[in-house]
Amino acid sequence: MGRRLIAAACALLVAGCARDGAPSRQATEAGTAPVPRAAQAGAAAGYVGTREPFAANAVYFVLTDRFVNGDPGNDHRDQAAGPNHTFDRPVPGAPPGRSDNVGYLGGDFRGLLDNAQYIRDMGFGAVWITPIVDNPDEAFTGGDPVKWGGMFTDQGKTGYHGYWGVNFYRLDEHLPSAELDFAGLTRGLKQHGLKTVLDIVCNHGSPAYTMPQDQPKYGEIYDRDGTLIADHQNLRPEQLDPQHNRLHAFYNTTPGLAQLSDINENDPRVLDYFVGAYSQWIDQGADAFRIDTIPWMPHAYWHAFTTRIRERHPGFFMFGEAFNYDAASIAPHTFPRNAGVSVLDFPLKERMAEVFGRQGGGFERIAERLYLEDGPYQNPYELMTFYDNHDMARLDASDEGFIDANNFLFTARGIPVIYYGSETGFERGTAEHAGNRNYFGQARIDAAPQSPIYRALRRIGRLRAATPALQRGLQVNVLMQGDRAAFYRVLQQDGVHQIALVLLNKGSVPAAFDLKDVQAGRWHAAIAGGEVDVADGGALKASVPAHGVEVYLLDAAVTNPQLRATLARARVGAHPRG
């Protein structure tokens with residue numbers, strides 16, 4: 001973040017137990033309604049971090065097979081009976097008391113929909129689900145054997161995760177029930193106030209070579225009619241002959257990730273295939289896409305893909321996964337001349353895992369990764385913010401560390417994403433093939449309200465869902481040092497005038513805040529309740545409990561000259577660039 005903004009904001013600061021609280025009286029659910037795009041152009045004089053309607057929604061990320069088995073009838077426990085069976089394949093080498101599994105475990109659409117209200121009650125407005133397309137029907141026999149804690153070891157693994165697509169027009173048989181297809185799932189989620197974020201893959205299909213004998217579906221792709229249009233034929237990439245074998249033309253002839261079939265973005269059929277397949281799922285209710293492994297295909301491909309999707313669905317929200325902690329490397333995906341999408345905020349994630357995990361660190365480490373001014377992104381307020389996921393070790397933190405992380409995540413800039421189970425600290429610190437993707441289950445969901453992490457997340461999640469400034473407002477940092485943070489989120493747009501003053505304490509004892517030159521008015525304490533009157537030129541004094549948060553809300557236009565000056569510079573940081 002620019003030093004000018006820090007200096008100006010610090011002039012606002014001279015020195016320095018959570019309870020369920022109601023949001024500001026004017027910050028109702030109605031205040032979270034999407035902003036019509038037609039009304040966005042005339043807001044230049046206001047204060048807004050993003051006009052993206054999707055920013056109103058915090059996102060709950062579910063690895064569908066590992067959430068809840070709502071319909072045992074679609075488990076297919078007898079599929080590929082024998083050594084290549086697909087259901088329940090424990091990873092060998094687990095230490096005593098630990099487990100991991102690379103087979104299907106039964107999670108499905110029914111289990112997700114049965115628990116939609118559980119997700120909504122925590123304040124989430126969207127559910128991100130892993131790919132739903134058809135995957136192979138046997139365990140993979142190529143590659144290196146799966147082992148405890150292994151990376152890129154796929155021998156013995158199944159497509160339970162959904163990322164090994166074979167027919168991108170067809171649902172994988174483990175997910176739907178007789179009365180519940182994908183369209184039914186999205187309708188049901190919407191009835192609970194939840195949008196559906198669909199995970200999509202364009203750069204690779206299933207594992208394609210190194211099998212002792214060629215296996216059905218592996219390295220193959222089928223069209224909407226079930227016709228085989230691509231086949232790796234268990235050949236290494238350099239052995240493919242796309243000039244003489246049309247079934248090879250869908251693939252690149254250089255290796256990609258592990259033994260996965262690497263899609264040839266230069267084949268003219270590829271773009272048509274994936275635009276057609278994923279348009280089908282939008283027609284059935286998908287509200288947004290998460291794009292897997294976006295750097296593995298060039299900007300030109302993604303520009304063409306997103307342009308064609310948005311021609312049919314204007315403003316359709318998408319975000320990409322570029323697993324890189326360097327902001328300058330992932331930011332180009334956000335530029336309109338490239339994909340023009342949001343991205344998962346890996347650089348911020350790296351610092352959050354440090355600051356809120358067992359390693360520890362001060363809020364100043366996070367401030368460096370917010371890029372509120374002079375940053376590389378098209379718009380930092382549209383980034384997807386998170387602290388762990390299915391491809392990395394889960395956050396290794398105490399209960400208090402999770403609470404602190406969530407208090408920050410749901411009040412700072414960006415769109416929060418929480419990985420399933422993190423609301424209770426499930427499998428904290430575990431990596432892939434060491435418990436990261438273990439089955440959650442109905443019993444854990446039913447017990448979740450007993451967790452202090454869940455209770456604190458529910459409180460701050462519901463507050464964000466009801467507070468427009470926390471969703472789309474500009475951020476101005478006042479203090480981010482050590483265990484304390486103080487910052488404004490300000491939204492002044494289309495008749496909404498709201499100032500949120502966020503105070504965070506990740507320390508083990510209460511923290512005092514003495515904020516000078518706070519805008520005059522009656523501020524509402526959204527967490528603890530009650531009101532504080534501030535006179536012109538006055539101060540706001542507060543004590544925030546250990547591992548606590550307070551959000552003071554003022555539903556008024558900005559009149560304070562110092563705050564106006566810092567907001568003017570913050571507004572530049574949210575303007576489109578690139």
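1. A salt bridge is a side-chain nitrogen of Lys or Arg within 4 Å of a carboxyl oxygen of Asp or Glu. In this predicted model, Asp154, Lys157, Asp391, Glu432 and Arg437 are linked in a network of such bridges. A search of the whole structure gives 28 salt bridges. As general background, side chains of opposite charge can pair when their charged atoms come close.

2. Within the network, lysine 157 and glutamate 432 form a salt bridge whose closest N and O atoms are 3.1 Å apart. The pair links distant parts of the chain, 275 residues apart: lysine 157 belongs to the loop between strand S4 (133-134) and strand S5 (167-171), and glutamate 432 to the loop between strand S15 (415-419) and helix H11 (442-447). Lysine 157 has a relative accessible area of 5% and is therefore buried, the limit being under 20%. Glutamate 432 is also buried, with a relative accessible area of 15%.

3. A second salt bridge joins aspartate 483 and lysine 506, with 3.5 Å between the closest N and O atoms. Aspartate 483 lies in the loop between strand S16 (474-481) and strand S17 (484-493), whereas lysine 506 lies in the loop between strand S18 (496-505) and strand S19 (511-516); the two residues are 23 residues apart. Are these partners buried or exposed? Aspartate 483 counts as partly exposed at 37% relative accessibility, while lysine 506 is buried at 12%.

4. The side chains of aspartate 533 and arginine 522 also meet in a salt bridge, at 2.7 Å from N to O. Aspartate 533 is in strand S21 (residues 531-534) and arginine 522 in strand S20 (residues 521-525), 11 residues apart. Aspartate 533 counts as exposed, at 52% relative accessibility; arginine 522, at 48%, counts as partly exposed.

5. Strands S20 and S21 belong to an open sheet of 6 strands, in the order S16-S17-S18-S23-S20-S21, with antiparallel pairing. S16 and S21 are at the edges and have a single partner strand each, so one side of each has no neighbour in the sheet. On average, neighbouring strands are turned by 20 degrees against each other, direction ignored.

6. At one edge of the sheet, S16 pairs with S17 in the antiparallel sense over 7 bridges. Methionine 480 stands opposite alanine 485 in S17.

7. Two helices may be noted beside the strands. Helix H10 (residues 399-409) packs on the sheet and touches S16, S18 and strand S23 (548-554); its direction makes about 160 degrees with that of S18. Helix H14 (residues 561-574) also packs on the sheet, touching S16, S17 and S18, and its direction makes about 110 degrees with that of S16.

Technical notes
Residues are numbered from 1 along each chain as its sequence is written. This is a predicted model: local features need pLDDT of at least 70, side-chain atom pairs count only at pLDDT 80 or more; totals for chains, interfaces and linings use all residues. Side-chain values use heavy atoms; hydrogens and water are left out. Helices (H or I, at least four residues) and strands (E, at least two) are DSSP runs, numbered from the N terminus. Buried means under 20% relative accessible area, exposed over 50%, partly exposed in between (1.4 Å probe, protein chains only). Two strands pair if DSSP finds at least two bridges between them. Axes are lines fitted to C-alpha atoms, for helices over the stretch in contact, and angles run from 0 to 180 degrees between N-to-C directions. Contact means heavy atoms within 4.5 Å.
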